[in-house]
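Me: Please take a close look at one part of the structure below and explain it to me in a connected way. Kindly give the meaning of each term when it first appears.

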Amino acid sequence: MKLGFSKEDEDFRSECASWLNDQMSGEFSDIKGITTLTEKAERRKEWEQQLAAHKWSCIGWPEEWGGRGASLAQQVIFAEEYARAGVPGRVNHIGIELAGPTILTFGTDEQKKRFLPDIAAGKTIFCQGFSEPGAGSDLAAVRTKGHVENGEWVVNGQKIWTSLAHISDWIFVVTRTEEGTQGPKGLSFLMMPIDQEGIEIRGIEQINGDAEFNETFFTDAKCAEDSLIGAPGDGWKIAMGLLAFERGVSTLGQQMAFRNELDEIIAAAKSNGSSNDPLIRQRIAKAEIGLRLMRYGALRMLSNQDHSKVDGAALTYKIQWATWRRGLGELGMDVLGQGGEIAEGGEYAWNTLPNLFLYSRADTIYGGTNQIQRNLIAERGLGMPREPRGK
Amino acid sequence: MDFAFTDEQAMIAETAQQFFAENATSSRTREAMAADGFDRATWQSFCQELGLGGLLVPEEFGGSALGMVDFATVAEAAGSQVAAIPLHGLAMIGSAIAAGGSDEQKSKWLPQLASGDVVASGGGNADLKSDNGGLSGKIEFVPHGNIANLFILSDGSEAWIVEADADGLSVDTPVTMDQTRPQATLTLSNVKADPLADGAAALNIGKAAGWICLAAEALGGAQACLDRTCEYAKEREQFGRAIGSFQAYKHRLADMMIEIEQARSAVYWAACAIDEGSDEAELALHAAKSFCADTFFKCAGDMIQLHGGIGFTWEHDAHLFFKRARSIQTMMQSGNWHREEIATMILGEAA
């Protein structure tokens, strides 16, 4: 067991940090510190391409597909330095972290050649079409339908909560391709271009006034027949494989963003004197402990090579960070006091901490609600009997 | 960076788990509870047959000089059986003498600690008076002080070795809630004391080892509470179904696991930080002690609740865990104290 990094890794850390800091104080200083996923989207697409031009866009991918084949330690370091430098989140995180690894794992050579170089280069932005109005926690209750007609897939139905669909080029869609099937059977995984007549996107205004999520409507939407990943009927297996990628190295970068949020609360507490309140002090200490334990939980999960047993750190990770962050949002407002409820710019738009307070209510819902997470933990992790299910 | 056990560490952990499951059984622990809170047979096998008494003792003094991570795996295993053994004292005093003792002190005491021939414990009180080599004062809450042969006592800056049979020392053992780790009161009246060569170094590492021991015991205890409750949840039926199939029940089990996984990260982060001399070590120790104690208490309380009536009986082991958890919460400072230490690191002193 070892937590320290080697000299080579520390050199790599300096290299990343210096490049990222140069970018954030130079050509891309205008996007430094943005914390939402929607602000200045066009500039952030340019940033994706800048990352790619310097081979920083997907360092964990194999070199032949535009990555660096970076070690786990290096990926951890890059993710940490990325957030530490105040670089905003990746608008193509779904392409880099979900679509790319899915194609690498399940795609044909032809599909790899078709998609991976453009994802790596920051030219193809991806979004994810899983949830539907009737398929939220019950994700397998997908009703969007797909069939082959004249050598093309034709898709009809509706997806919801498609994060960043309005700035994306492609969407991967789980569709029901076998008539009469229910649940996880008969689903297929399709890659579809967004810019076409059959796809319509409408933003969903959220409680913080922002619109990161969308409804996506498919009306005879089309994609080429070889846009199917895996075989027809493999959709559920691939979707589940993809969700496992979500718990990868990017979690470390996400944590650095949390670090910045907690630091902002600490600074606010010091400046307004609430840092003298013993209860606030306890809560800040608890938040600090929670964040540190999140980091070491993620490192345990990433270091784990024993795949014969359920990985408890991985299984509990989502509910842990989501619940922690929701609590952080509440702590931030308690530190700010009543002033936190006033939008400084005079419009319904929020600074980091009030926005965190509002946005973090989504954290315990998307990607599997806390209630679904507890079912998964109890059933997969602890061997409890499954929930009784209707049809 | 590789935050997983080495093969050797995994082997020590497995050996320790098996050892405590076989030796520190409920009936042995209960026999000890009814007597002086010391399961001698388990302790003797632990030190001699298993040879783990010298885990933190340098090799030249009969130990195996392993690290805090290795020790934590052992303490975790002991905690999972609520073993009635003076492991906490061994960890604190063994590492304190190794770090702050003179050569003579080390060669006199460390081999006997490693072999289990001497049982050690310690405690402190700022009002302890030292006068011409004689110590006077009162020290409460000395774990397993009732059966220890050797003490390290401190006034917070200096530390002394005191032998249990020294003139002027009286040891009283109040009835304590947790009978698996009695807490003795020492009263000293001009007792012969041998100052440690480097008291500050001894106290520093002794405290760290003590905190790691408690945090790791708490982790093992919490995991055992969850494991045992899961077994029950699958067996026990009500309304024609295993009770573990009800969401109100299984979600509570899930909440236990979520805390335990964090507690596991906390223990091994802190242990690793000490072994590597990391500047995070102090923060990690406060985090680990407070978080693991709270986790254990939550899980032990939930264990009683989720067992229903049987969990409230003396016959069931749930109360052993519950009482040990309560005791760990207050030993070596409360969770609030540790969190205030962290708050001071982050925010400075409160005005």
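Reply: A:Cys127 is a suitable place to begin: with a relative accessibility of 0%, A:Cys127 counts as buried, where buried means under 20% relative accessible area, exposed means over 50%, and partly exposed is in between (1.4 Å probe, protein chains only). The model is predicted, so local features need pLDDT of at least 70 and side-chain atom pairs count only at pLDDT 80 or more, while totals for chains, interfaces and linings use all residues. Residues are numbered from 1 along each chain as its sequence is written, chains are lettered from A and ligands numbered from 1 in the order in which they are written, and side-chain values use heavy atoms, with hydrogens and water left out.

Why does A:Cys127 not form a bond with the closest cysteine sulfur? That sulfur belongs to A:Cys223 and is 13 Å away, which is too far for a bond. In chain B, B:Cys47 has its closest cysteine sulfur in B:Cys213, at 13 Å, again too far for a bond. B:Cys47 is buried as well, at 5% relative accessibility. Over all chains, a search of the whole structure finds 0 disulfides, a disulfide being a pair of cysteine sulfur atoms within 2.5 Å.

We may now turn to the pairing of charged side chains. Side chains of opposite charge can pair when their charged atoms come close. The term salt bridge stands for a side-chain nitrogen of Lys or Arg within 4 Å of a carboxyl oxygen of Asp or Glu. By this rule the count over all chains is 40 salt bridges.

One of them joins A:Arg13 to A:Glu80, with the closest N and O atoms 3.5 Å apart. This pair links distant parts of the chain, 67 residues apart: A:Arg13 is in helix H1 (residues 7-25) of chain A, and A:Glu80 is in helix H3 of chain A. Helices (H or I, at least four residues) and strands (E, at least two) are DSSP runs, numbered from the N terminus. A:Arg13 counts as buried at 14% relative accessibility, and A:Glu80 is buried at 3%.

A second example is the salt bridge of A:Lys159 and A:Glu132, whose closest N and O atoms are 2.9 Å apart. A:Lys159 lies in strand E3 (residues 152-160) of chain A and A:Glu132 in the loop between strand E1 (126-129) and strand E2 (145-149), so the pair ties together parts that are 27 residues apart in sequence. A:Lys159 is buried, with a relative accessible area of 0%, and A:Glu132 is buried, with 6%.

In chain B, B:Lys298 forms a salt bridge with B:Asp302, at 3.3 Å between the closest N and O atoms. Both residues lie in helix H9 (residues 281-307) of chain B, 4 residues apart, about one turn of the helix. B:Lys298 is partly exposed, at 30%, whereas B:Asp302 is buried, at 7%. In chain A, salt bridges that share partners join A:Glu10, A:Arg13, A:Glu80, A:Glu81, A:Arg84 and A:Arg295 into one network.

A:Lys159 also appears among the surroundings of A:Asn214. A:Asn214 is in strand E7 (residues 214-224) of chain A and counts as buried at 2% relative accessibility. Apart from neighbours within four places in sequence, A:Asn214 is in contact (heavy atoms within 4.5 Å) with residues including A:Lys159, A:Thr162, A:His166 and A:Ile204. The side chain of A:Asn214 makes a polar contact with the side chain of A:His166 at 3.1 Å. A polar contact is a pair of N or O atoms within 3.5 Å; within protein, one must be able to donate a hydrogen and the other to accept it, and residues adjacent in sequence count only if both atoms are side-chain atoms. A polar atom of the A:Asn214 side chain also lies 2.9 Å from the backbone oxygen of A:Thr162.

Finally, charged pairs also occur between the chains. Across the interface of chain A and chain B the rule finds 6 salt bridges, including that of B:Asp255 with A:Arg374, at 2.6 Å between the closest N and O atoms. In addition, 30 residue pairs are in polar contact between the two chains, both residues being at pLDDT 80 or more. At this interface, 46 residues of chain A are in contact with 50 residues of chain B.
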